[in-house]
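Trainee: May we go through the structure together, setting each term against its definition?
Mentor: Certainly; please bring it up.

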Amino acid sequence: MISMPTNPPAPLLSVRHLSTDFINTDGQVSHALEDVSFDLYPGQTLGLVGESGCGKTTTMLSIMRLLPSAGRITRGEIILDEVDLLGISERDMRAYRWKEMAMVFQSAMNALNPVVRVGDQIREAILIHNLMDRQNADLRVEELLDLVGIARARKEQYPHQYSGGMRQRAMIAMALACKPRILFADEPTTALDVMIQAQVLELLKHIQQEFGLAIVLVTHDLGVVAEVCDTVVVMYGGKVAEYGPIDAVYNSPEHPYTQRLLEAFPDLNKPGESLATIPGTPPRLNALPPGCRFEPRCHQRIPICSQLNPRLLKVGEKHVAACHLLEQKETTH
Amino acid sequence: MGSPPLPMLEVNDLYKYFPVRSSLADWLARKPARYVKAVDGITFSLEKGEVLALVGESGCGKTTIARTLIGLEDQSGGRILFDGKLVQSPERRQRAGLVPLESSGPGSQQQLIFPKVTMKRLRQQAQMIFQDPYESLNPRSTIFDIVAEPLVVHGIARPRLERIQRVKAALEDAGLRPAEDYFLRYPHELSGGQRQRVVIASAMVLEPELLLADEPVSMLDVSIRAEILNLLRDLREKRGVSILFITHDLGTVAYFADRVAVMYLGRIVEIGSTHEVLKNPQHPYTQALLSVVPVPNPRLRRQRVILQGETPNPIEVPSGCRFHPRCSLVVERCSSVDPTLQIVSENHQAACLLLDEGPK
């Protein structure tokens, strides 16, 4: 999670032009994701940010191929180790899920089974993948609990006996059970206090350094992203609005949406400054505006925005943004 | 000496202990009753038109204070003055003998010299905004009924036309325009930000003088959070309403509180003007809290003081300074001497033994 200037040569996971639709019972189609692309490098942390309903969680579920039955991936490639995960069978996918890519689900409160001891839940994750026998699995559970900082004796306890922060740690332990290379964390700190949030982020950082994990952090908290991520993907209405190295995106944001999001975040170092707001609400995915999806809420819109969807344009080293204003700038040069 | 204007709210040595249910074995063994010391001797005041932020981790007692102030809990001791008038426990419960008529908890004071304010009156003038806009609205009521309900309860604006006017004005002040469009809608038809606006509208419809806002933005997305914070700031500027703002996020505190009180385990450990406390924090706990606030700038990543573990159980409060088991600057005296608030500067107090030893 520490930003390193060196760029590892090959991405571990490449997402290319991923598009996902949801079809509701009336046959209505919602384009939940459209043309989402990004690369994840080993040992790095990528932040997926955006408001509720912008497709962050759908992106993650699409990559894991865990979409609910209404969801369909319509286009794209997800390349891990030169294998396109969208082209393999469900049976083969099991070799990747949890062993290569694991997930820390949102709201640890609801993701743990309330009537099974925490230790048993973690052990189940190990046994189900036939990694080892029961005895060794028990040892592994203790190892994992040590790793995430939960006292071994507490494996006998039930989730309700854990605090919010500890449940989140237990979820992380479970995700690490099969030593994955990629960890998806969906809003891992959202319901937690600042101090516990800092503890959980510190833990993720520690685990990353120890195992060289690549982490995808899904959150709406720009502060958390600034603290821990190396690269960031800003999503809006199911599309990538801006994608680039953390420093570039935060210090020279090119998309009006990113600019406004950053201005809307209360900053301890700038007390009393008025906060920017973004009027309106995110678009409904079954009634998307015809042009740029952000156009109805954008403070810098120009006529073309309501007609044409902007392309992603290169604005810097590995930094892209999708906005017509950039296109205009480019043509005038 | 001209008397200064009365503060909106004056809280003096407030205690709130919750009894812990003891087992039969404990009872037979005559073990003393145990208490959760949720609020353990709090003193502060809130001026008219001022915003005071109460900051702390879960379980530090900040919500209990708000609930006690508005009479949802009975205080175990201490004195609450609302606009110079004494806040009493609900009379009904007093009559039933559930609460001693004269508070006899720790820190009880002579209470008879103050004029009193009834709960009903208090709740008309002080309103609470709860954390979760998804759970604090009745899903089966229309927005009109939700916002009009406080008027009905208090028998205000009885004529129908006047009531509609009041509801309309409240919704529009809360940024829901045109208000008529919302009258007949239900909470599930609204987004999170709109719901929180409805919550604020129904709090403001009575034109209260004090708002108790319990984490009003922590469940909301960043862009909506900014809207709600701006709205609260406008209300305060236009209406001069005093706000007690409860939060665990120092970032939002910096944005709009005049003063901030940092709480730890039922006590205020540092209190002062927002500028002073954020720029020159004296208590190690405040320093730690400040260091973990996410700053939206990757160039400002810094060394964070991450406290290990969680807030201790408020049943068995540590001896001496209650923060000492988690404090990085702990010295020997800390485990035996309980520090009191000391004056750091004119608008700034902190409770730490290290303050005796001059500037760190």
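The dialogue that follows treats the two chains, their sheets, one helix and the contact between the chains.

Mentor: This is a predicted model, in which local features need pLDDT of at least 70, side-chain atom pairs count only at pLDDT 80 or more, and totals for chains, interfaces and linings use all residues. Residues are numbered from 1 along each chain as its sequence is written, while chains are lettered from A and ligands numbered from 1 in the order in which they are written.

Trainee: What makes a run of residues count as a helix or a strand, and how many of each does chain A have?
Mentor: Helices (H or I, at least four residues) and strands (E, at least two) are DSSP runs, numbered from the N terminus. By that rule chain A comes to 11 helices and 12 strands, and chain B has 12 helices and 13 strands.

Trainee: How do you know whether the radius of gyration of chain A agrees or disagrees with that of a compact globule?
Mentor: The radius is taken over C-alpha atoms, and the globule rule is 2.2 Å times the number of residues to the power 0.38. For 333 residues the rule gives a value near 20 Å, and chain A has 21 Å, which agrees. The C-alpha atoms of chain A fill a box of roughly 70 × 50 × 45 Å along the principal axes.

Trainee: What does the rule give for chain B?
Mentor: With 360 residues, a compact globule would have a radius of gyration near 21 Å; chain B has 22 Å, so the value agrees. Its box along the principal axes is roughly 70 × 60 × 55 Å.

Trainee: What makes a residue buried, and what percentage of chain A counts as such?
Mentor: A residue is buried if 20 or more other C-beta atoms lie within 10 Å of its own, exposed if 12 or fewer, and partly exposed in between, with C-beta atoms placed from the backbone. Of the 333 residues of chain A, 48% meet the buried criterion; in chain B, buried residues make up 46% of the 360.

Trainee: Which strands of the chain A sheet are called edge strands, and why?
Mentor: Two strands pair if DSSP finds at least two bridges between them. The sheet is open, has eight strands with mixed pairing, and follows the order β6-β7-β8-β3-β9-β10-β12-β11. Its edge strands are β6 (101-104) and β11 (312-316) of chain A, each of which pairs on one side only.

Trainee: How do you know that β6(A) and β7(A) pair?
Mentor: Four bridges join β6(A) to β7(A) (residues 182-186), and the two run parallel. The definition asks for at least two bridges, so β6(A) and β7(A) are paired. One bridge sets Met101(A) against Ile182(A).

Trainee: What joins β11(A) to β12(A)?
Mentor: Four bridges do, and these strands run antiparallel. Leu312(A) stands opposite Ala322(A). The two strands form a hairpin with two residues between them, and Lys318(A) in the turn has a positive phi of about 60 degrees.

Trainee: What is the strand order of the open sheet in chain B?
Mentor: The order is β7-β8-β9-β3-β10-β11-β13-β12, with mixed pairing. The edges are β7 (126-129) and β12 (342-345) of chain B. Five bridges join β8(B) to β9(B), which run parallel, and Leu212(B) stands opposite Leu244(B).

Trainee: How do you know whether the span of α6(B) agrees with its length?
Mentor: The expected span of a helix is 1.5 Å times one less than its number of residues. The 14 residues of α6(B) (160-173) should span 20 Å, and the end C-alpha atoms are 20 Å apart, so the two agree.

Trainee: Which residues of α6(B) are buried, and what do they pack against?
Mentor: They are Val167(B), Lys168(B), Ala170(B), Leu171(B) and Asp173(B). These buried residues pack against α5 (143-154), α7 (180-183) and α8 (192-204) of chain B. Just after the helix, Gly175(B) takes a positive phi of about 85 degrees.

Trainee: What makes two residues a contact, and how many residues does each chain bring to the contact between the chains?
Mentor: Two residues are in contact if their C-beta atoms, placed from the backbone, lie within 7 Å. The contact takes 38 residues from chain A and 34 residues from chain B. On the chain A side, the largest share, six residues, comes from α7(A).
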